[in-house]
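Work through the exercises below with the sequence and the coordinates open. Each task is followed by a solution in steps.

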Amino acid sequence: MENKLKIIFLDRNTVGPFELKDIFSKYGEYTEFNLTNDDDVASYLKDYDVVILNRIKLGKKEFEKAKHLKLVLLTGTGFNHIDLVAAKEHGVSIANVAGYSTNSVSQLTMTFLLNELTKVEKLSQKVKENKWNELSINMDNYYHVDTEDKILGILGYGNIGQKVAEYAKSFGMKVMVAKIPGRKYTDNSDDRYDLDEVLEKCDIFSIHAPLTDLTKNLINLDRMKKMKKSAIILNLGRGPIINEEDLYYALKNNIIASAATDVMTTEPPKNDCKLLELDNFTVTPHLAWKSQKSLERLFAAIENNLNLFLENKLIGVESK
């Protein structure tokens, strides 16, 4: 590898107005694009040594055309959009970043949780529609639900899950950590509960797990039917962990009370996505990780990954 690298950021717009040229130009020629998965991504890779990306998918076709590619720097933790087997076959290292957005994702989780219990968003809209007096007289649909003694179920108990539990306990909530069915646990397993038991007992169920074969479609209609009719689902993990057709049916038919998510199976969702029609469904555009402090930590870690690679010390993500 020459000292002067050719580096390309495929979906630069995903990280917002954060200055990057000064960081990566130190290592050679740095180029930015705002591509999507609908573009011919492979055609952009043939001359580059290092690729930076957030959500662009890289599969066998892309790696075959990237003759000079040696390193993919992910601007995030998840790597389910990368074909790790194909990357290994073509001698390409994949490096992700973990732990940089723990605080920001946890903060949005609690924002969702409190908004679902207090209906701030909906109350504000009603006031703007000149319904102040109507709301004051008839609060049946919008009364506050206290956090005190409510049970928060958590799926995925890494840094984010643990931080959410800490926040929840400060609000007087009780926490139950769910086991992912089929996964072996070597830590304090006695502190975890079977998923079905957590679903049956919790008032709010918060998802912070990665997308794997064990978690895909894990929360389906059968499991939602085990929950209280007043239950709320929050998803800050990955969209496909919840079966979205089942979620629509559960929300539409009052099997559960509401859901709020920062992630979806298809991002952005298609115009005919039925979930977007529902009043008891709240969605934000996959931005939980994107605070100013998170971005600062993220790109410091990405530059560190690049330097580790140049020093032949990068471990990176391995296919299993």
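Buried means under 20% relative accessible area, exposed means over 50%, and partly exposed lies in between (1.4 Å probe, protein chains only). This is a predicted model, in which local features need pLDDT of at least 70, side-chain atom pairs count only at pLDDT 80 or more, and totals for chains, interfaces and linings use all residues. Residues are numbered from 1 along each chain as its sequence is written, and side-chain values use heavy atoms, with hydrogens and water left out.

**Exercise 1. Cysteines**

Determine whether Cys273 is buried or exposed, do the same for Cys202, and state how many disulfides a search of the whole structure finds.

Solution.
- Step 1. Cys273 has a relative accessible area of 15%, so Cys273 is buried.
- Step 2. Cys202 has a relative accessible area of 0% and is therefore buried.
- Step 3. A disulfide is a pair of cysteine sulfur atoms within 2.5 Å. The search of the whole structure returns zero disulfides.

**Exercise 2. The open sheet**

Give the strand order of the five-stranded open sheet, and explain why β2 and β5 each have one side without a neighbour in the sheet.

Solution.
- Step 1. Helices (H or I, at least four residues) and strands (E, at least two) are DSSP runs, numbered from the N terminus. Two strands pair if DSSP finds at least two bridges between them.
- Step 2. The order is β2-β1-β3-β4-β5, with parallel pairing.
- Step 3. β2 (28-32) and β5 (93-95) are at the edges with a single partner strand each, so one side of each lacks a neighbour in the sheet.
- Step 4. From one strand to the next, the twist averages 15 degrees. Axes are lines fitted to C-alpha atoms, for helices over the stretch in contact, and angles run from 0 to 180 degrees between N-to-C directions.
- Step 5. β1 and β3 (residues 50-53) run parallel and are joined by three bridges; Ile8 stands opposite Val51 of β3.
- Step 6. Contact means heavy atoms within 4.5 Å. Helix α11 (residues 292-310) lies across β1, β3, β4 (71-74) and β5, and runs at about 160 degrees to β4.

**Exercise 3. A loop threonine**

Locate Thr14 and describe its surroundings.

Solution.
- Step 1. Thr14 belongs to the loop between β1 (5-9) and α1 (21-24).
- Step 2. With a relative accessible area of 13%, Thr14 is buried.
- Step 3. A polar contact is a pair of N or O atoms within 3.5 Å; within protein, one must be able to donate a hydrogen and the other to accept it, and residues adjacent in sequence count only if both atoms are side-chain atoms. The Thr14 side chain reaches the backbone oxygen of Asp11 at 2.7 Å.
- Step 4. Not counting residues up to four places away in sequence, Thr14 touches Phe9, Asn54, Trp289 and Lys290.

**Exercise 4. Strand β6**

Work out which strands pair with β6 and how many of the residues of β6 are buried.

Solution.
- Step 1. Five of the five residues of β6 (residues 151-155) are buried. Ile151, Gly153 and Leu155 lie on one side, and Leu152 and Ile154 on the other.
- Step 2. β6 pairs in the parallel sense with β7 (residues 174-178) over five bridges, and Lys174 is the bridge partner of Ile151.
- Step 3. β6 also pairs in the parallel sense with β9 (residues 204-207), over four bridges; here Leu152 stands opposite Ile204.
- Step 4. A crossover is right-handed if, with the strands pointing away from the viewer, the path from the first strand over the helix to the second runs clockwise. β6, helix α7 (residues 159-170) and β7 make a right-handed β-α-β unit.

**Exercise 5. Helix α10**

List the buried residues of α10 and say what covers them.

Solution.
- Step 1. The buried residues of α10 (residues 244-252) are Asp246, Leu247, Tyr248, Ala250 and Leu251.
- Step 2. An α-helix has 3.6 residues a turn, so residues three or four places apart point the same way.
- Step 3. The cover over these buried residues includes α9 (221-224), β11 (258-261) and β12 (281-283).
- Step 4. At the start of α10, a side-chain oxygen of Asn243 comes to within 3.2 Å of the backbone nitrogen of Glu245. Just after α10, Asn254 has a positive phi of about 60 degrees.
- Step 5. Tyr248 has a relative accessible area of 15%. Leaving aside neighbours within four places in sequence, Tyr248 is in contact with Lys274, Leu275, Glu277 and Leu278.
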